[in-house]
Amino acid sequence: MFRNMAASLIRTVRADPEEPGDAKVPGRIATTVPKAKERRPSAEELPTRARQAAPHAARAAEFETSEARNSPGWKQWRESEQWQQWNAAIAPAVACRRRAFAILRDKEAVDILFDELAERFRDRPGGYTRIVRLARPRLGDAGARAMIEFVGERDRIKRRRAAPEVVESESAEE
């Protein structure tokens, strides 16, 4: 159940609100408060793994080839020292992807995690999700509901109010 919740949360990042059946708000799911609290630690771990893989993938991009797979140029690259360097550079990124897949068991969710969420949380050291309690209880058993969502988009920005201008009256000067 928790694996499916994590995959659903990640898959909603690409959700189209106009599409019937998709999430109305991307990056957010509604559940009960205990489930959201239980889900949060592992939901925090997954973007961290994606962030850890990003520098390795960027370093490996220096050594990769633009040749089509199984072409003579690609086969030559595959037997060269440059491929050895690419292989050593990409190995940690592949290991992170495999660990994420072992947790999620959903290829699309892993792709979204490593392609979109890693970039989105590149500069954020942690705290990728938030839990917001909903006012209305669940129908049927009146269970407390909550929303678990990724932070960063649609966040409210606190604006400081400008201090009211003080107008001095002429009678105060006399």
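**A loop glycine and the helices H2, H4 and H5**

Colleague: Where does Gly-143 lie?
Modeller: Keep in mind that we're looking at a predicted model. Follow the chain through strands E2 and E3: Gly-143 lies in the loop between E2 and E3.

Colleague: Is Gly-143 buried or exposed?
Modeller: The relative accessible area of Gly-143 is 16%. Buried means under 20%. Because of that value, Gly-143 is buried.

Colleague: Which residues does Gly-143 touch, not counting those up to four places away in sequence?
Modeller: Don't look for Glu-170 here: the C-alpha atoms of Gly-143 and Glu-170 are separated by 63 Å, with the two positions 27 residues apart along the chain. Leaving out residues up to four places away in sequence, Gly-143 touches Pro-137 and Arg-138.

Colleague: And Ala-142, is that buried or exposed?
Modeller: Ala-142 is found in the loop between E2 and E3. Phi of Ala-142 is near 60°, a positive value in a residue other than glycine. Exposed means over 50% relative accessible area. Because Ala-142 has 56% relative accessibility, this residue counts as exposed.

Colleague: What is the relative accessibility of Arg-105?
Modeller: Arg-105 sits in the loop between H4 and H5. Phi of Arg-105 is near 60°, which is positive in a residue other than glycine. Arg-105 counts as exposed, with a relative accessibility of 52%.

Colleague: On to the helices. How far does H2 reach from its first C-alpha to its last?
Modeller: H2 covers residues 33–61, which is 29 residues. At 1.5 Å a residue, 42 Å is expected. The model comes close to that, with a reach of 42 Å.

Colleague: Where does H2 bend?
Modeller: Look for the proline Pro-41, which follows the bend within four residues. The bend is about 35°, and H2 makes it at Arg-40.

Colleague: Which helices and strands do the buried residues of H2 pack against?
Modeller: The buried residues of H2 include Val-33, Ala-36, Leu-46, Ala-50 and Ala-53. Charged names turn up on that list too, among them Arg-39, Glu-44 and Arg-49. The buried residues of H2 pack against helices H1, H4 and H5 and strands E1, E2 and E3.

Colleague: How do H2 and H4 run relative to each other?
Modeller: Their axes come within 8 Å and cross at roughly 160°. Over 145 degrees counts as roughly antiparallel. Therefore H2 and H4 are roughly antiparallel.

Colleague: Which residues of H4 make the contact with H2?
Modeller: H2 passes H4 in a left-handed crossing. From H2, the residues involved include Glu-45, Leu-46, Arg-49, His-56 and Ala-60. From H4, the contact is made by Trp-86, Ala-89, Ile-90, Pro-92, Ala-93, Cys-96, Arg-99, Ala-100, Ile-103 and Leu-104.

Colleague: Let's zoom in on Ala-89. Which residues is Ala-89 in contact with, leaving aside neighbours within four places in sequence?
Modeller: Ala-89 lies in helix H4 and counts as buried at 0% relative accessibility. Ala-58 is 31 residues away in sequence, yet the two C-alpha atoms are 8.8 Å apart in space. Leaving aside neighbours within four places in sequence, Ala-89 is in contact with His-56, Arg-59, Ala-60 and Phe-63.

Colleague: At which residue is H4 kinked?
Modeller: The 24 residues of H4 should span 34 Å at 1.5 Å a residue, and the end C-alpha atoms are 35 Å apart, which agrees. The kink comes shortly before the proline Pro-92. Its angle is about 35°, and it lies at Ile-90.

Colleague: Which helices do the buried residues of H4 pack against?
Modeller: In H4 the buried residues include Trp-83, Ile-90, Cys-96 and Leu-104. Buried residues of H4 pack against H1, H2, H3 and H5.

Colleague: How does H2 lie relative to H5?
Modeller: The axes of H2 and H5 come within 9 Å and cross at roughly 85°. Angles of 65 to 115 degrees count as roughly perpendicular. Therefore H2 and H5 are roughly perpendicular.

Colleague: Which residues in H5 meet H2?
Modeller: H2 brings Leu-46, Pro-47, Arg-49, Ala-50, Arg-51 and Ala-53 to this meeting. On the other side, the residues in H5 are Leu-113, Phe-114 and Ala-118.

Colleague: Last one: where does H5 bend?
Modeller: H5 has 14 residues and reaches 19 Å, close to the 20 Å expected. Its buried residues include Val-110, Leu-113 and Phe-114, and they pack against H1, H2, H4 and E3. The bend of about 35° in H5 is at Leu-113.

Terms used: Residues are numbered from 1 along each chain as its sequence is written. This is a predicted model: local features need pLDDT of at least 70, side-chain atom pairs count only at pLDDT 80 or more; totals for chains, interfaces and linings use all residues. Side-chain values use heavy atoms; hydrogens and water are left out. Helices (H or I, at least four residues) and strands (E, at least two) are DSSP runs, numbered from the N terminus. The expected span of a helix is 1.5 Å times one less than its number of residues. The bend at a residue is the angle between axes fitted to the seven residues ending there and the seven starting there. Buried means under 20% relative accessible area, exposed over 50%, partly exposed in between (1.4 Å probe, protein chains only). Contact means heavy atoms within 4.5 Å. Axes are lines fitted to C-alpha atoms, for helices over the stretch in contact, and angles run from 0 to 180 degrees between N-to-C directions. Angles under 35 degrees count as roughly parallel, over 145 as roughly antiparallel, 65 to 115 as roughly perpendicular and the rest as oblique. A crossing is left-handed if the near helix is turned anticlockwise from the far one by less than a right angle, and right-handed if clockwise.
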